[in-house]
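Student: I've got this model open and I'd like a close look at one part of it. Could you walk me through that part and what surrounds it?

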Amino acid sequence: MEKGYRHDNEDFDARIKACGVSEPVSTYLSRCAQFHSSPAPGLLIGAFMVDYALELLGAQPGEKLFSVCETPKCLPDAPQVIAHATTGNGRLKVVPIGRFALTMNRASDKPTTDGIRVYVDPQKIRQFPVIDIWFANSLTFNKHTMGTNLQEQIFRAGRKILSYEKVRVPVKIKEAWQPVTCPTCGETVPDYLVVDGKCGACGPMKYYEKI
């Protein structure tokens with residue numbers, strides 16, 4: 001758990017209520033914090049972002065929805081918890097661009113589909129000084145002394161720091177594949193993941209050494 005971001009369930013839920021966060025977002029915030037194992041600021045903002053995207057799409061969390069997150073930090077957990085878009089079910093994609101933004105769209109059998117991109121607006125965030133210095137990674141922000149204040153500003157800000165745009169995204173169609181045995185390690189991988197005749201782990205995606 002991140003030090004400085006308190007996650008006592010009763011205190012956390014009481015803080016959400018005291019800041020006037022209504023349903024269903026208050027429940028989203030609690031569920032996301034439990035899943036993430038800490039109420040990280042980016043995760044909390046992410047819950048508001050997903051709720052906003054759902055409303056703009058006119059969608060419900062139980063629908064088959066897809067999401068793209070433009071940062072791997074904290075944000076991807078929000079669509080996983082709220083919209084059940086996960087890396088495992090193939091409905092969540094994380095692209096490490098570094099922007100705090102996500103796109104959500106419905107399923108489609110066409111090559112492209114329309115979606116909603118929600119992002120933290122750098123102009124709007126200036127209304128909230130603590131969020132602003134945290135978001136800017138400023139040395140003046142101290143999570144040990146300012147963590148609770150940051151949470152409360154996020155709860156009170158809600159959508160006020162967010163903007164959105166309508167976007168069109170490509171739809172990835174599932175393709176047939178064949179198993180291929182890597183000549184180096186002898187393990188089997190899908191043919192479309194073979195690089196220069198080898199699996200990724202024996203090539204450019206190697207991430208470990210045998211001991």
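In what order do the five strands of the open sheet come, and is the pairing mixed or not? Please take your time over the sheet and the helix that lies across it.

Tutor: Sure, and keep in mind that this is a predicted model. The open sheet is built from five strands, ordered β2-β1-β3-β4-β5, and their pairing is mixed. β2 and β5 (162-170) sit at the edges, each pairing on one side only. Going from one strand to the next, the twist averages 20°.

Let's start with β2 and work across. β2 covers residues 92-94 and runs parallel to β1, with three bridges joining the two. On its other side, β1 pairs with β3 (residues 101-106), this time in the antiparallel sense and over five bridges. C69 is a handy residue to click on here: its bridge partner in β2 is V94, and its bridge partner in β3 is L102.

Stay on β1, residues 65-69, and look at where the side chains go. They alternate: L65, S67 and C69 point to one face and are buried, whereas F66 and V68 point to the other face and are not buried.

Now jump to the other end of the sheet. β4 and β5 are antiparallel partners, held by nine bridges. One pair you can find there is I116 with its bridge partner K166 in β5. Also in β4, which spans residues 112-120, you'll find T113. T113 counts as buried because its relative accessibility is 14%, and the cut-off for buried is under 20%. Leaving out residues up to four places away in sequence, T113 touches N105, R106 and S108, as well as V167, R168, V169 and V171.

Next, the helix you asked about. α3 lies across β1, β3, β4 and β5, and runs at about 145° to β4. It also packs against other helices, so let's take two of those pairings in turn. Two packed helices are described by the angle between their axes and by the distance between those axes.

Begin with α2 (residues 25-36) and α3 (residues 41-57): their axes come within 9 Å and cross at roughly 135°. Angles between 115 and 145 degrees fall outside the parallel, antiparallel and perpendicular classes, so α2 and α3 are oblique to each other. The crossing of α2 past α3 is right-handed. On the α2 side, the contact uses V25, Y28, L29, C32, A33 and H36, and on the α3 side L43, L44, A47, F48, D51 and L54. By type, those contact residues come to 10 nonpolar, one polar and one charged.

The pairing of α3 with α6 (residues 143-157) has its axes 10 Å apart and an angle of about 10°. Angles under 35 degrees count as roughly parallel, so that is the label for α3 and α6. Here the α3 residues in contact are P41, L44, I45 and F48, and they meet L150, Q151, I154 and F155 of α6. Seven of the contact residues are nonpolar, one is polar and none is charged. L44 and F48 are listed in the contact with α2, and they turn up again in the contact with α6.

A few loops around these helices deserve a click too. P24 is in the loop between α1 (9-18) and α2, and the peptide bond leading into P24 from E23 is cis, with omega near 5°. In the loop between α2 and α3 sits S37. Its phi is near 80°, a positive value in a residue other than glycine, and S37 is partly exposed at a relative accessible area of 42%. N137, in the loop between α5 (129-135) and α6, has a positive phi of about 60° although it isn't a glycine either. With a relative accessible area of 66%, N137 is exposed.

The loop from α3 to β1 holds G58. Residues up to four places away in sequence aside, G58 touches E63 and R106.

Finally, zoom out. The protein has six helices and seven strands, in the sequence pattern α-α-α-β-α-β-β-β-α-α-β-β-β. Its C-alpha trace spans about 60 × 45 × 30 Å along the principal axes, and 43% of its 211 residues are buried. Take the contacts between residues at least 6 apart in sequence: 66% of them join residues at least 24 apart.

Methods: Residues are numbered from 1 along each chain as its sequence is written. This is a predicted model: local features need pLDDT of at least 70, side-chain atom pairs count only at pLDDT 80 or more; totals for chains, interfaces and linings use all residues. Side-chain values use heavy atoms; hydrogens and water are left out. Axes are lines fitted to C-alpha atoms, for helices over the stretch in contact, and angles run from 0 to 180 degrees between N-to-C directions. Helices (H or I, at least four residues) and strands (E, at least two) are DSSP runs, numbered from the N terminus. Angles under 35 degrees count as roughly parallel, over 145 as roughly antiparallel, 65 to 115 as roughly perpendicular and the rest as oblique. A crossing is left-handed if the near helix is turned anticlockwise from the far one by less than a right angle, and right-handed if clockwise. Contact means heavy atoms within 4.5 Å. Ala, Val, Leu, Ile, Met, Phe, Trp, Tyr, Cys and Pro count as nonpolar, Asp, Glu, Lys and Arg as charged, and the others, Gly among them, as polar. Buried means under 20% relative accessible area, exposed over 50%, partly exposed in between (1.4 Å probe, protein chains only). Two strands pair if DSSP finds at least two bridges between them.
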